[in-house]
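Student: Could you walk me through one part of this protein slowly? I would like a close look at how its strands and helices fit together.

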Amino acid sequence: MIESASLSPQHTITRIIRGGWQLAKGHGNTVSADAVADLMATAQAGITTFDCADIYTGVEETFGAFRKAYAAKHGTEALGSIRIHTKCVPDLDLLPTLKKANLEATVDRSRRRLGMDRLDLVQFHWWDDSIDGWLDAASWLAEMVDDGRILSVGGTNFSAAHMRQILAAGLPLRAMQVQYSLLDDRPAREMAGLGVPLLTYGTLAGGFLSERWHGVNEPREGFENRSLVKYKLIIDDAGGWDAFQNLLSTLARVAERQGSDIASVANRWTLDQPGVAAIIVGARNAEHLARNVAVTGLALTETDRTEIEAARAALTPLPGDVYALERDRTSRHGAIMKYNLNRSAA
């Protein structure tokens, strides 16, 4: 049985969420031959919450096709158990002149693509917090809750300071999606204590936290997808390849005692952190579905946790607040971002 969590009395999710970034066109070359069938298998296995975005090219349409297929097979009443979370990410170029009509158009487009009268969760992002308007955007999305187009509003990659301001304005913020893993505990410093459920991505660092990368030489180039490019930078900043290998060796010992695997131990660690409502597991196909489901049955012991924390103590803590490195467009992290994807995703 997959664990569940509540974002509100009307909004229950599974604590394992199937992510959709890896299904986006242009993300990588290895994708499912039948994404809808894989999503159906995921739901059948008990993972009934899914994550996508307006800027993931083609993914909202794929999830819309999945919803249609699920209703055809199980009925419209059963479809009510499926939660689809999406995002609203205005292009960087649009931020200085953003209007409510722009956000309404994005939300209505997501509703059409997903085949939903009311979106379950819209998580909005603001690329540059030096540009005013993010608080207005939050209020406009809250108005779309009132008019029935959205059930819940969340955010993604906001700083803790801006998150506090949204809450202080009395705006309903049901979730915050953030990067959180054994390599990146920035959410634990302040955000986890603000009372908003955290939906976490990057828990496996794009797949680096797995047996595949244990005991191998440091890769320098030729990564097969954007996730690996992104998370290799995180490994570099977290202490480098040797410290990372020490962490993997520790996770391998824990996994052996547990009869599990490195990825499952890493996912369980993040799922157990205070404030974390769910982890978002990215997948290009259903290859690791059984492992993802098994995470909810994994219980780390005190010995496991002590050994893991000893390995983490040898890492270099990432500096700053949530997403601070990535928000700096002049940094190595910011330089690999694509800031105007709604233009192409349209």
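Student: In which sense do strand 8 and strand 9 pair, and over how many bridges?

Tutor: Happy to help! This is a predicted model, in which local features need pLDDT of at least 70 and side-chain atom pairs count only at pLDDT 80 or more, while totals for chains, interfaces and linings use all residues. Residues are numbered from 1 along each chain as its sequence is written, and side-chain values use heavy atoms, with hydrogens and water left out.

Now to your strands. Strand 8 (residues 175-179) pairs with strand 9 (residues 198-201) in the parallel sense, over four bridges. Strands here are DSSP runs of E with at least two residues, helices are runs of H or I with at least four, and both are numbered from the N terminus. Two strands pair if DSSP finds at least two bridges between them. Look at Met176: its bridge partner in strand 9 is Leu198.

This pair belongs to a closed barrel of eight strands with parallel pairing, in the order 3-4-5-6-7-8-9-10. On average, neighbouring strands of this sheet are turned by 30° against each other, direction ignored. Axes are lines fitted to C-alpha atoms, for helices over the stretch in contact, and angles run from 0 to 180 degrees between N-to-C directions.

Next, find the helices that lie across barrel strands. Helix 5 (residues 134-146) lies across strand 6 (119-124) and strand 7 (150-156), and runs at about 160° to strand 7. Helix 2 lies across strand 4 (49-51) and strand 5 (83-88), at about 160° to strand 5. Contact means heavy atoms within 4.5 Å.

Helix 2 (residues 59-74) also packs with helix 4 (residues 100-114), at an angle of about 45° and with the axes 7 Å apart. The two helices are therefore oblique to each other; angles under 35 degrees count as roughly parallel, over 145 as roughly antiparallel, 65 to 115 as roughly perpendicular and the rest as oblique. Helix 2 makes this contact through Glu60, Glu61, Phe63, Gly64 and Arg67, and helix 4 through Ser110, Arg113 and Leu114. By class, that is two nonpolar, two polar and four charged residues. Ala, Val, Leu, Ile, Met, Phe, Trp, Tyr, Cys and Pro count as nonpolar, Asp, Glu, Lys and Arg as charged, and the others, Gly among them, as polar.

For another helix pair, turn to helix 9 (residues 241-258) and helix 12 (residues 302-313), whose axes come within 9 Å and cross at roughly 170°. These two are therefore roughly antiparallel to each other.
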